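Colleague: I am new to this structure and would like to understand the reasons behind the labels given to its parts. Could we go through them one at a time?

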Amino acid sequence: MGSLVVLGVVVSVPGLSHFFGSRPLGPAAWTIALASAAGSVLVPLVVQVAAGTLRKVHLQDTRVQSVG
């Protein structure tokens, strides 16, 4: 989130954007930036939850049989 705020300040403030050689972002670029930031947080959480669910299902399906 901090990176997104810094990006917003750098590209929105006229003196800073000129210093760094960037130009202001339009609505499409802001959408891409926000979606990327959200995806970098949400995708790992979804993968972690899915892996935990699969692990539970696998452990329930695996039964130890006693010998004898």
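Modeller: Helices are DSSP runs of H or I with at least four residues, and strands are runs of E with at least two, numbered from the N terminus. On that basis the protein chain has three helices and zero strands, and its pattern, read along the sequence, is α-α-α. Please keep in mind that this is a predicted model.

Colleague: What share of the residues is buried, and how much accessible surface does the protein chain have?

Modeller: Of the 68 residues in the protein chain, 9% are buried. The accessible surface comes to about 5,900 Å², and 70% of it belongs to carbon and sulfur atoms.

Colleague: Why is Met1 called exposed?

Modeller: The word exposed is kept for a relative accessible area over 50%, and because Met1 has 79% relative accessibility, it counts as exposed. Met1 lies in the segment before helix 1, which spans 2–12.

Colleague: Which residues distant from Met1 in sequence can be placed relative to it in space?

Modeller: Ala37 is 36 residues from Met1 in sequence, with the two C-alpha atoms 7.2 Å apart in space. Ala38, which has its place in helix 3 (residues 27–61), is 37 residues from Met1 in sequence and 8.9 Å from it in space, again C-alpha to C-alpha.

Colleague: What makes Ala38 partly exposed?

Modeller: Partly exposed covers the range between the limit for buried, under 20%, and the limit for exposed, over 50%; Ala38 has a relative accessibility of 34%, and therefore counts as partly exposed.

Colleague: How do you know that Ser17 is buried or exposed?

Modeller: Buried means under 20% relative accessible area, and Ser17 has 7%, so this residue is buried. Ser17 is found in helix 2, where a polar atom of its side chain lies 3.0 Å from the backbone oxygen of Pro14. Leaving aside residues up to four places away in sequence, Ser17 touches Val10, Val11 and Ser22.

Colleague: Why is the pair of Phe19 and Phe20 called edge-to-face?

Modeller: A search of the whole structure finds one aromatic pair. The ring centres of Phe19 and Phe20 are 5.1 Å apart and their planes stand at 85 degrees, so the pair is edge-to-face, given that centres must lie within 6.5 Å and planes over 60 degrees apart receive that name. Both Phe19 and Phe20 are exposed.

Colleague: Which residues form the nonpolar patch on the surface, and which helices supply at least two of them each?

Modeller: The patch is formed by Met1, Val5, Val9, Val13, Leu16, Phe19 and Phe20, which together have about 740 Å² of accessible area. Helix 1 and helix 2 (14–19) each supply at least two residues of this patch, while Val13 lies in the loop between helix 1 and helix 2.

Colleague: What makes Val13 partly exposed?

Modeller: Its relative accessibility is 36%, so Val13 counts as partly exposed, because that value falls between 20% and 50%.

How values were computed
Residues are numbered from 1 along each chain as its sequence is written. This is a predicted model: local features need pLDDT of at least 70, side-chain atom pairs count only at pLDDT 80 or more; totals for chains, interfaces and linings use all residues. Side-chain values use heavy atoms; hydrogens and water are left out. Buried means under 20% relative accessible area, exposed over 50%, partly exposed in between (1.4 Å probe, protein chains only). Accessible areas come from the Shrake-Rupley method with a 1.4 Å probe; for residues, only the protein chains shown count as cover. Rings of Phe, Tyr and Trp (its six-membered ring) pair if their centres lie within 6.5 Å; planes under 30 degrees apart count as stacked, over 60 as edge-to-face and the rest as tilted. Patches are made of residues with over 30% relative accessible area and no salt bridge: like charges are joined within 9 Å, nonpolar side chains (Val, Leu, Ile, Met, Phe, Trp, Tyr) within 5 Å. A salt bridge is a side-chain nitrogen of Lys or Arg within 4 Å of a carboxyl oxygen of Asp or Glu. A polar contact is a pair of N or O atoms within 3.5 Å; within protein, one must be able to donate a hydrogen and the other to accept it, and residues adjacent in sequence count only if both atoms are side-chain atoms. Contact means heavy atoms within 4.5 Å.
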